[in-house]
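Q: Got a minute to walk through this one with me? I'd like to start with the strands.

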Amino acid sequence: MQVKSIKTEHFVLTKMSAADGDKYFRLSNNDNVMKYVTGHALDRQESDKMLATFLAEYGTDTFLGRYLIEGVAGDLIGVAKLDMDGSDVEIGYRIMEEHWGKGIATEIATGLIRFAKRELNARQVIAYVNVSNAASIRVLEKAGMVNMERIEDPDEVKYKFVYSTQINAPLRKVFYQILALIGK
């Protein structure tokens, strides 16, 4: 299978390769970007090791794995992931700090959800987020995901967000009913 890029309205996600070490380091060498990942910026050796670990998880013939997020002009925006967690598809993203607050993460999360549902036939799409990461919590909510569980791991307390047609159909109905009331 030839893995093609994933496209959103404004961005292109391409599967990462070993040649992307410089770009990945630009992202992982930022304390604020890595705050909820490792707790600190990575040096070049740590960044290369993390990238190699990501690349070893999945081969090149699957949509699962890590992606560079780039603008149409090729500028680095961040990285994204599609992983399996049991029978669920897990999404994730990290955005370069200079691009925070512009709606990019929401567009990426929404695009990953749509891709997972359409192309991977995901029954359920999930994401994990540190309970202190208010910005990512808001992104996942705007993307239509619902906080379903608080998980207390030894090294992190996080929420498990879920997007599924079973959960979101009733929520959509309530949303439309509220809109109808507001419109009267």
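A: Sure. Keep in mind that this is a predicted model. In strand 5, E90 is the bridge partner of D83.

Q: How many bridges join strand 4 to strand 5, and do they run parallel or antiparallel?
A: Eight bridges, and the two strands run antiparallel. Strand 4 covers residues 76-85 and strand 5 covers residues 88-95.

Q: What packs on the sheet there?
A: Helix 1, residues 21-28. It touches strand 3 (65-71), strand 4 and strand 5. The direction of helix 1 makes about 95° with that of strand 4.

Q: Zoom out. What is the strand order in the whole sheet?
A: 1-2-3-4-5-6-8-7. That is eight strands in an open sheet, with mixed pairing.

Q: Which strands stand at the edges?
A: Strand 1 (6-7) and strand 7 (146-152). Each has a single partner strand, so one side of each is left without a neighbour in the sheet.

Q: And how does strand 7 pair with strand 8?
A: In the antiparallel sense, over six bridges. Strand 8 is residues 157-163. The two form a hairpin, with four residues between them. One bridge pair there is N147 with F161 of strand 8.

Q: Switching to helices. Is helix 4 mostly covered or mostly open?
A: Mostly covered: eleven of its 15 residues are buried. Among them are I104, T106, E107, L112 and F115.

Q: What should helix 4 span, at 1.5 Å a residue?
A: 21 Å for the 15 residues, 104-118. The end C-alpha atoms are 21 Å apart, so the model agrees with that.

Q: Where does V139 lie?
A: In helix 5, residues 134-142.

Q: Is V139 buried or exposed?
A: Buried, because its relative accessible area is 11%, and the cut-off for buried is under 20%.

Q: What is V139 in contact with, sequence neighbours aside?
A: Leaving out those within four places in sequence, Y93, A105, T106 and A109. Take T106: it is 33 residues from V139 in sequence, yet 5.1 Å away in space, C-alpha to C-alpha.

Q: Now pockets. What volume does the largest pocket have?
A: About 1200 Å³.

Q: Which lining residues are closest to its centre?
A: V37, Y93, R94, N133 and S136, out of 46 that line the largest pocket. Y93 is also one of the contacts of V139.

Q: Which elements each supply at least two residues of that lining?
A: Helix 2 (31-34), helix 3 (44-57), helix 4 and helix 5 on the helical side. From the strands, strand 4, strand 5 and strand 6 (125-130).

Methods: Residues numbered from 1 in each chain as written. Predicted model: local features only at pLDDT ≥ 70, side-chain atom pairs only at ≥ 80, totals over all residues. Heavy atoms only, no water. Expected span 1.5 Å × (residues − 1). Buried < 20%, exposed > 50% of the residue type's maximum accessible area, 1.4 Å probe, protein only. Contact = heavy atoms within 4.5 Å. Pairing = 2+ DSSP bridges. Axes fitted to C-alpha atoms, helices over the stretch in contact; angles between N-to-C directions. 1 Å grid on protein atoms, 1.4 Å probe; cavity = no way out; pocket = protein on both sides within 12 Å on 5 of 7 lines; lining within 4 Å. Points joined across faces, edges and corners; volume = space filled by probe spheres on them.
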